[in-house]
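Please open the model in a viewer and keep the sequence beside it. The tour below proceeds by selections, each followed by a description of what is found there.

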Amino acid sequence: MSLINYFSDYANLCFEAFGDRVKHWITFSDPRAMVEKGYETGHHAPGLKLHGMGLYKAAHHIIKAHAQVWHSYNTTWRSRQQGLVGISLNCDWGEPLDIRNPKDIEAAERYLQFCLGWFANPIYAGDYPQVMKDSIGRKSAEQGLETSRLPVFTVQEKSYIRGTSDFLGLGHFTTRYITERNYSSRQGPSYQNDRDVVELVDPHWPDLGSKWLYSVPWGFRRLLNFAQTQYVNPPMYVTENGASQKSDCTQLCDQWRIQYLKGYINEMLKEPLLSHMQMVTETVVPTVCALCILTAAVLLVLLLRRWS
């Protein structure tokens, strides 16, 4: 019995136990980080460093597991429970460093396809992005391998996987400028070398405390537009977004987080994204409520201090 079947059994147990109340299901959250840190860098469990190979095999199984769970819900539970099943994918926006340079434009597109398209394209189009197949296949051949390090879906699997998402969950935090860098295949297999890109940041972007996180609201809008266009206007839920706590902040000093959320929400509210109201309402309303609760808590603290 495969791990895909074990995962399907687990999902069906959840559907049976909670499906009368839970109407939105996410099969996997940020699978790219899961496979990259678990099978490429070894920073997360299972802690393996199978450079340029393990993460692609793990992702392949995750995509097939997701599809099997969607079909299981669609066949067995949907008519009774009327719920939705999707997947949540995290991706930063990749902006060409020089918009006049075709190489940078291609590099930025490659960055996005290796990030978001890696999982979204099989689900919405039935196969991996062509740029991934071309790049990994070419480098695999240059490294003396008879087949590509990127696994291949069968015709039946492509048909089975395509369309297995009722919504697209999208996690996003920041942006990178992207430029091309050709990594030699002689350096050995790796996810970084396969992409042939370099990620840069603008030193003028607001720093939010974490070394990787910068506030770039316009990148959020461009990523939403990209997903909306690339995957033919799917229902979208923003499943991850926010700013980390600054280490030197010990009191109620949350102004940078308020500005971050305000900037990102405002970008999402602009046309033509405004017409895609399912995405907007599901994200903005909980965020606004959270800000209202935070404001009320601050006022309460101030009143208590005055009374004391």
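**First stop: a helix across a sheet**

Select helix α4, residues 102-125, which lies across β3, β5 and β6 and runs at about 125 degrees to β5. Axes here are lines fitted to C-alpha atoms, for helices over the stretch in contact, and angles run from 0 to 180 degrees between N-to-C directions. Helices (H or I, at least four residues) and strands (E, at least two) are DSSP runs, numbered from the N terminus. Next, add helix α8, residues 217-230, which packs on the sheet and touches β3 and β5. The direction of α8 makes about 100 degrees with that of β3.

This is a predicted model, in which local features need pLDDT of at least 70 and side-chain atom pairs count only at pLDDT 80 or more, while totals for chains, interfaces and linings use all residues. Residues are numbered from 1 along each chain as its sequence is written, and side-chain values use heavy atoms, with hydrogens and water left out.

**The sheet itself**

Now select the three strands of this open sheet, whose order is β3-β5-β6 and whose pairing is mixed. The edge strands, β3 (93-96) and β6 (197-200), each pair on one side only. Neighbouring strands of the sheet are turned by 40 degrees against each other on average, direction ignored. Two strands pair if DSSP finds at least two bridges between them.

Zoom in on β3 and β5 (residues 175-180): these strands run parallel and are joined by four bridges. To find one of the partnerships, select W93, whose bridge partner in β5 is T175.

**Strands β1, β2 and β4**

Move to β2, which runs parallel to β1 and is joined to it by four bridges. Here H24 stands opposite L84 in β2. Four bridges also join β2 to strand β4 (residues 168-171), again in parallel; at this join, L89 stands opposite L170 in β4.

Is β2 enclosed or open to its surroundings? Six of its seven residues are buried, so β2 is largely enclosed by the rest of the structure. Buried means under 20% relative accessible area, exposed over 50%, and partly exposed in between (1.4 Å probe, protein chains only).

**Helices α1, α2 and α3**

Select helix α1 (residues 3-18) together with α3: their axes come within 9 Å and cross at roughly 30 degrees. The two helices are therefore roughly parallel to each other, a term for angles under 35 degrees. The residues that meet include I4, F7, A11 and F15 in α1, and H61, A65, V69 and W77 in α3. Contact means heavy atoms within 4.5 Å.

Staying in α3, pick H66. With a relative accessible area of 0%, H66 is buried. Not counting residues up to four places away in sequence, H66 touches T27, F28, G86, I87, I123, T164 and S165.

Then select helix α2 (residues 31-39), in which P31, R32, A33, V35 and G38 are buried. What covers these buried residues includes β1 (24-29), α3 (54-81), β2 (84-90), α4 and α7.

**Aromatic pairs**

Colour the aromatic side chains; the structure holds 19 aromatic pairs. Rings of Phe, Tyr and Trp (its six-membered ring) pair if their centres lie within 6.5 Å; planes under 30 degrees apart count as stacked, over 60 as edge-to-face and the rest as tilted.

Select F114 and Y191, a tilted pair at 6.0 Å centre to centre with 55 degrees between the planes. This pair links distant parts of the chain, as F114 is in helix α4 and Y191 in helix α7 (residues 191-195), 77 residues apart. F114 counts as buried at 0% relative accessibility, and Y191 counts as buried at 2%.

Go on to Y128 and F153, which form a stacked pair, 4.8 Å centre to centre and 25 degrees between the planes. Y128 lies in the loop between α4 and α5 (130-142) and F153 in the loop between α5 and α6 (155-161), so the pair ties together parts that are 25 residues apart in sequence. Y128 counts as buried at 2% relative accessibility, and F153 is buried with a relative accessible area of 3%.

Finally, select Y56, F114, W118, F119 and Y191, which ring pairs link into a cluster.

**The whole chain**

Zoom out to the full chain, which has ten helices and seven strands. Of its 308 residues, 48% count as buried.

Key: Parallel < 35°, antiparallel > 145°, perpendicular 65-115°, else oblique.
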